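Reader: I am new to reading protein models, and I would like to go through one slowly, part by part. Could you show me the sequence and the structure before we begin?

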Amino acid sequence: MHYLGVDVGSVSTNLVILDNKMEVIEKIYLRTKGSPIKAVQDGLKILKDKYSNIEIGAAGTTGSGRHIAATLIGADAIKNEITTHAVAALEIDKYVRTIIEIGGQDSKIIILRNGVVSDFGMNTVCAAGTGSFIDRQAERLDIPIEEFGDYALQSNTSVRIAGRCAVFAESDMIHKQQLGYNKSDIIRGLCDALVRNYLNNIGKGKEIMPKVFFQGGVAANKGIRSAFESALGFEIFVPEHYNVMGSIGAAIIGREAAERNGKTNFKGFNLAENKFISKSFECNGCANRCEVVTINENNSNIGCFGDRCGKWSNKMAI
């Protein structure tokens, strides 16, 4: 038996298949590009071509697009990113006590005590330090994103960069370039600034204790990891599947839900060929004027989201 996990975020959509030992046998990373439905279908097409003969015993979804993804695939569980990242980390190492997670558009800290989430924090407004911001700086400096962290490790001097705001950080970097600082020192300074910003805002008031897992796409950046280790004073661990931990957690939770129910709701890989259309309208039933989105599969409405009172979504569920 195998298990499917789907994590739909604003920047990337990640799918994993786990075996019955909860080991990853396949993982797929796709750019969401503002079309979560298409991204999920593209991922399922890839899996269908490679694993059409395996049986999926359960499916789970997470991420900002988890409800849409769940409606598309027939998920057994829908969970937020805090829960799924924690479940995946604890599956690997039950002694993890802190999770630093930095993705494309958001950053999180998850505090674990005795195998349970006891506290967490997320960025609220500014995207400084997230994957999309770092991608932008790598592009502007004409450095492949895969080499960005290596540049930081080559530096002997960290240039002071204002990291509390994405706009100010970029302006400060440009100013330092104009003053003649080399790229390595500027990049190291940026890594230090972004870690400083993370710890002073997202990690403020949180007791960060080892063992610490660094998860999310930014965990691949050696410069950011090194900056965290310098700031905290202990080793930071990056799990093998750091960039799909949300999907792994979703698959594990989906398995537990399907076992409780005695069956799975997963619709199968063939839904990759189905035609899905999303439409939106503004409900005028009350002063809230909710923006409601409906999902249509092969000319049949299968899901509805966005209404605060449940007027439309409850009707769809009947």
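The questions and answers below go through this predicted model.

Reader: Which helix supplies the largest share of the largest nonpolar core?

Author: In general, nonpolar side chains of soluble globular proteins tend to be buried together. In this predicted model the largest nonpolar core has 34 residues, and those with the most contacts inside it are Leu190, Tyr198, Phe214, Ile224 and Phe228. Several elements supply at least two residues each, including the strands β6, β7 and β9 and the helices α4, α5 and α8. The largest share, 9 residues, comes from α7.

Reader: Which residues does Leu190 touch, once residues up to four places away in sequence are not counted?

Author: Leu190 is among the residues with the most contacts inside the largest core, and it is useful to see where those contacts lead. With residues up to four places away in sequence set aside, Leu190 touches Phe133, Gln137, Phe148, Ile161, Ala169 and Met173.

Reader: How many residues does the other core have?

Author: Apart from the largest core lies another one, which includes Val8, Ile28, Phe269 and Leu271. The number of residues in this other core is 26.

Reader: Which aromatic residues are linked into a cluster by ring pairs?

Author: A pair of aromatic rings is described by the distance of the centres and the angle of the planes. The rings of Tyr198 and Phe228 have centres 5.3 Å apart and planes at 90°, so this pair is edge-to-face; the pair of Phe214 and Phe228 is also edge-to-face, with 5.5 Å centre to centre and 75° between the planes. Because Phe214 lies in strand β9 and Phe228 in helix α8, their pair ties together parts that are 14 residues apart in sequence. Ring pairs thus link a cluster made of Tyr198, Phe214 and Phe228.

Reader: Which strands are the edge strands of the open sheet?

Author: The open sheet is formed by 5 strands with mixed pairing, in the order β8-β7-β6-β9-β10. Inside that order, β6 and β9 run parallel and are joined by 4 bridges, and Thr98 stands opposite Val212 in β9. An edge strand pairs on one side only, and the two strands of this kind are β8 (116-122) and β10 (236-237).

Reader: What angle does the direction of helix α3 make with that of β7?

Author: Helix α3 (residues 81-92) packs on the sheet, where it touches β6, β7, β8 and β9. The direction of α3 makes with that of β7 an angle of about 55°.

Reader: How many residues of helix α2 are buried?

Author: Helix α2 spans residues 66-73 and is mostly covered. The buried residues in α2 are Arg66, Ala69, Ala70, Thr71, Leu72 and Ile73, and just after α2 the residue Gly74 takes a positive phi of about 80°. Of the 8 residues in α2, the number buried is 6.

Reader: How many disulfides does the structure hold?

Author: A disulfide is a covalent bond between the sulfur atoms of two cysteines. The sulfur of Cys283 has its closest cysteine sulfur in Cys286, and because 6.3 Å lies between them they are too far apart for a bond. Cys191, for its part, is buried, with a relative accessible area of 2%. The number of disulfides in the structure is 0.

Reader: Is Ile252 buried or exposed?

Author: Ile252 lies in helix α9 (residues 245-261), and, leaving aside neighbours within four places in sequence, Ile252 is in contact with Leu18, Met22, Val87 and Glu91. Buried means under 20% relative accessible area. Because the relative accessibility of Ile252 is 5%, this residue counts as buried.

Reader: Is Asp142 buried or exposed?

Author: Most residues other than glycine have a negative phi. Two residues here depart from that: Met22, in the loop between β2 (12-18) and β3 (24-31), has a phi near 65°, and Asp142, in the loop between α4 and α5, has a phi of about 60°. Met22 is buried, with a relative accessible area of 11%. Asp142, because its relative accessibility is 67%, counts as exposed.

Reader: Where is the peptide bond from Pro210 to Lys211 placed, and is this bond cis or trans?

Author: Lys211 is found in the loop between α7 and β9. The peptide bond that leads from Pro210 to Lys211 has an omega near 10°, and this bond is cis.

Key: Residues are numbered from 1 along each chain as its sequence is written. This is a predicted model: local features need pLDDT of at least 70, side-chain atom pairs count only at pLDDT 80 or more; totals for chains, interfaces and linings use all residues. Side-chain values use heavy atoms; hydrogens and water are left out. A nonpolar core is a set of buried Ala, Val, Leu, Ile, Met, Phe, Trp, Tyr and Cys residues joined through side-chain atoms within 4.5 Å. Buried means under 20% relative accessible area, exposed over 50%, partly exposed in between (1.4 Å probe, protein chains only). Contact means heavy atoms within 4.5 Å. A disulfide is a pair of cysteine sulfur atoms within 2.5 Å. Two strands pair if DSSP finds at least two bridges between them. Axes are lines fitted to C-alpha atoms, for helices over the stretch in contact, and angles run from 0 to 180 degrees between N-to-C directions. Rings of Phe, Tyr and Trp (its six-membered ring) pair if their centres lie within 6.5 Å; planes under 30 degrees apart count as stacked, over 60 as edge-to-face and the rest as tilted.
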